[in-house]
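Welcome! Here is a short tour of a structure that may be new to you. Take a moment with the sequence and the 3D view before reading on.

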Amino acid sequence: MLDIKRIREEPERVRERLATRGGDDGEKVEEILHCDSEWRRLVTEVERLKSQRNRVSKEIGALMGQGKGEEAEARKEETRALGEQIGVLDGQVGKLKERARELMLSLPNLPHESVTVGATEADNPTLREWGQKRDYPFEPEGHVGLCERLQLIDFVRGAKLSGSGFLLYTGWGARLERALTQFLLDLHTGEHGYTEVSPPFVVSRDCMEGVGQFPKFVDQAYAVQEGEDGSTLGSLYLIPTAEAPVANIHRGEMLAHADLPIRYCAYSPCFRAEAGAAGVGTRGMIRVHQFDKVELIKVVDPEQGYEALERLVAHAETVLQQLDLHYRVILLCTGDMGFGSAKTYDIEVWAPGQKDYLEVSSCSNCEDFQARRMGLRVKMTDGKKVYPHILNGSGTALARLFVALIETHQQKDGSIAIPEPLRPYLKADRIPSPEG
RNA sequence: GGAGAGAUGGCUGAGUGGUCGAAAGCAACGGUUUGCUAAAUCGUCGUACGUGUCACAGCGUACCGCGGGUUCGAAUCCCGCUCUCUCCGCCA
């Protein structure tokens with residue numbers, strides 16, 4: 001959520017920055033300004049009436065105390081009339097405020113000045129690459145083929161259980177997934193200073209709203225239902241990312257400055273309805289309804305938000321470096337950024353079987369956008385209360401990492417070589433080929 | 001799932017339908033004092049929004065878990081909800 005004061009003070013600037021995202025939010029800004037000024041006008045008015053009523057009520061109390069009951073009765077008429085006016089005005093005030101909030105919640109964050117202005121992913125600049133595409137003395141196989149041949153994933157039975165887009169990991173596949181998860185958590189907690197948390201995998205509507213998933217992406221979330229009648233279990237939603245619960249851990253709190261920076265690291269499965277994406281790259285495990293991910297969340301002093309973002313990306317990059325996977329880091333342009341983000345780096349790993357780069361991490365600084373939505377503040381050492389910057393980054397998504405790993409490290413003999421740092425976790429240095 | 005108890009300012013904890021934004025204590029902050037890691041003493045000490053100011057101040061409104069209701073007036077009475085605690089049952 002943007003700062004209403006900022007919208008009041010420099011509406012043009014806000015409109016300009018929003019426009020770089022490509023949406024049509026100009027009209028919303030207009031309506032917000034209108035609701036806001038109207039709201040302030042009515043609030044002033046209704047508060048004046050309330051003040052009057054309070055005064056008269058006190059006088060009535062005094063009269064009653066003095067035993068002047070009749071006089072008091074007479075004055076009650078006054079406040080009754082005031083009460084009616086107040087009721088009407090309060091209704092209008094409430095509606096305006098609600099409408100303004102609704103609009104405020106639907107506005108995306110303003111892109112940071114350093115972000116390239118652009119319309120689509122074609123405009124995303126590549127910032128750097130690490131490693132390189134290897135040459136294989138054979139035609140590298142795609143992950144679907146590898147998974148089937150090595151019996152890592154049973155695509156058919158996974159779909160039988162839950163429909164397409166759900167994976168059944170088997171044997172070495174399941175073990176590799178578990179090893180990767182463990183490896184990632186140990187790396188971030190041990191080397192990068194994050195505190196591991198294990199959050200609920202369903203969250204309330206408030207949490208979804210806090211991180212900016214709602215209201216815009218309601219149709220992308222699975223709602224938890226209680227029974228066949230469709231009654232929703234207190235409006236709970238399967239998390240699309242651990243960011244939803246973890247970024248909300250301190251919702252509504254007032255943190256001390258000494259509590260910062262806060263760094264959390266969490267494993268969770270992620271559930272995405274991917275409505276409207278059917279048929280687009282749905283084969284295999286590139287785009288699925290459920291995948292595992294290790295997420296990194298930071299809550300920091302606003303002064304240090306961007307410094308923290310650079311470190312966050314570096315932490316995610318370490319994963320790929322340790323697994324010896326070629327990747328590139330790109331900066332999302334204004335038109336391609338997520339709803340709540342002010343600046344986002346994507347890390348894309350090379351998958352030789354796909355002959356394409358896969359997004360395995362998205363690291364964003366949402367600045368105070370989420371903190372404002374969830375009412376999370378920090379009391380600075382000088383006593384000032386500010387909204388901290390909240391950052392999130394994947395460290396990393398598992399399914400696609402799995403793809404890049406097996407495609408990159410496939411061997412001529414049909415086996416998969418396991419990079420050194422992962423071996424202790426898998427307790428093996430290769431995944432053997434059944435026929436080998 | 002059943003029964004009961006509770007939810008008040010950073011914390012502990014009072015609170016009669018009407019000067020209650022809320023006693024008291026602790027903590028915190030500022031000052032004074034005492035020949036020494038501390039004590040005594042005085043004072044300050046909630047939040048949000050609106051208004052106002054260069055900025056303070058000031059003024060107003062709201063807030064005693066959340067949402068409704070009764071009333072001229074609600075922390076206080078009524079209803080619904082949420083959460084916490086205790087006991088019972090059930091269960092990984």
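How many salt bridges are there? The count comes to 30 salt bridges in this model, which is a predicted one.

**Charged pairs**

Side chains of opposite charge can pair when their charged atoms come close. Three such pairs are set out here.

| Salt bridge | Closest N and O atoms |
|---|---|
| Glu-10 with Arg-6 | 2.9 Å |
| Glu-31 with Arg-99 | 2.7 Å |
| Lys-293 with Glu-295 | 2.6 Å |

Let us look at where these partners sit. Glu-31 belongs to helix 3 and Arg-99 to helix 4, so their salt bridge ties together parts that are 68 residues apart in sequence. Glu-31 is partly exposed, at 30% relative accessible area, and Arg-99 is partly exposed too, at 29%. For the pair in the first row, relative accessibility is 33% for Glu-10, which counts as partly exposed, and 34% for Arg-6, also partly exposed. Lys-293 and Glu-295, in contrast, are both buried. Salt bridges can also link up into a network, as they do for Asp-3, Asp-368 and Arg-372.

**Meeting the RNA**

Now turn to RNA strand B. There are 17 residues around this strand, and those that come nearest are Arg-8, Ser-51, Thr-79, Arg-80 and Lys-385. Of the RNA atoms that come within 4 Å of the protein, 67% belong to sugar and phosphate.

Some contacts can be followed atom by atom. Arg-40 has a polar side-chain atom 3.4 Å from a phosphate oxygen of the strand, and Arg-377 places a polar side-chain atom 3.0 Å from a phosphate oxygen. Ser-57 uses its backbone: an N or O atom there lies 3.0 Å from a base nitrogen of RNA strand B. Helix 3 and helix 4 are the elements that give two or more residues to the surface near the strand, and helix 3 has the largest share, with 11 residues. By class, this surface has 8 charged, 6 polar and 3 nonpolar residues.

**A pocket to explore**

Which helix gives the most to the lining of the second largest pocket? Helix 4 does, with 5 residues, while helix 1 (4-9), helix 3 (26-65) and helix 4 (69-106) each supply at least two. The pocket holds about 350 Å³ of space. Its lining has 15 residues, and Ile-4, Asp-36, Lys-97, Ala-100 and Met-104 are the closest to the centre. The lining is made up of 9 nonpolar and 6 charged residues, with no polar ones.

How values were computed
Residues are numbered from 1 along each chain as its sequence is written. Chains are lettered from A and ligands numbered from 1 in the order in which they are written. This is a predicted model: local features need pLDDT of at least 70, side-chain atom pairs count only at pLDDT 80 or more; totals for chains, interfaces and linings use all residues. Side-chain values use heavy atoms; hydrogens and water are left out. On a 1 Å grid over the protein atoms alone, a cavity is a set of points where a 1.4 Å probe fits but cannot get out, and a pocket is an open set with protein on both sides within 12 Å along at least five of seven lines; lining residues have an atom within 4 Å of a point. Grid points are joined across faces, edges and corners, and a volume is the space filled by probe spheres set on the points. Helices (H or I, at least four residues) and strands (E, at least two) are DSSP runs, numbered from the N terminus. Ala, Val, Leu, Ile, Met, Phe, Trp, Tyr, Cys and Pro count as nonpolar, Asp, Glu, Lys and Arg as charged, and the others, Gly among them, as polar. A residue is near a molecule or strand if one of its heavy atoms lies within 4 Å of it. A polar contact is a pair of N or O atoms within 3.5 Å; within protein, one must be able to donate a hydrogen and the other to accept it, and residues adjacent in sequence count only if both atoms are side-chain atoms. A salt bridge is a side-chain nitrogen of Lys or Arg within 4 Å of a carboxyl oxygen of Asp or Glu. Buried means under 20% relative accessible area, exposed over 50%, partly exposed in between (1.4 Å probe, protein chains only).
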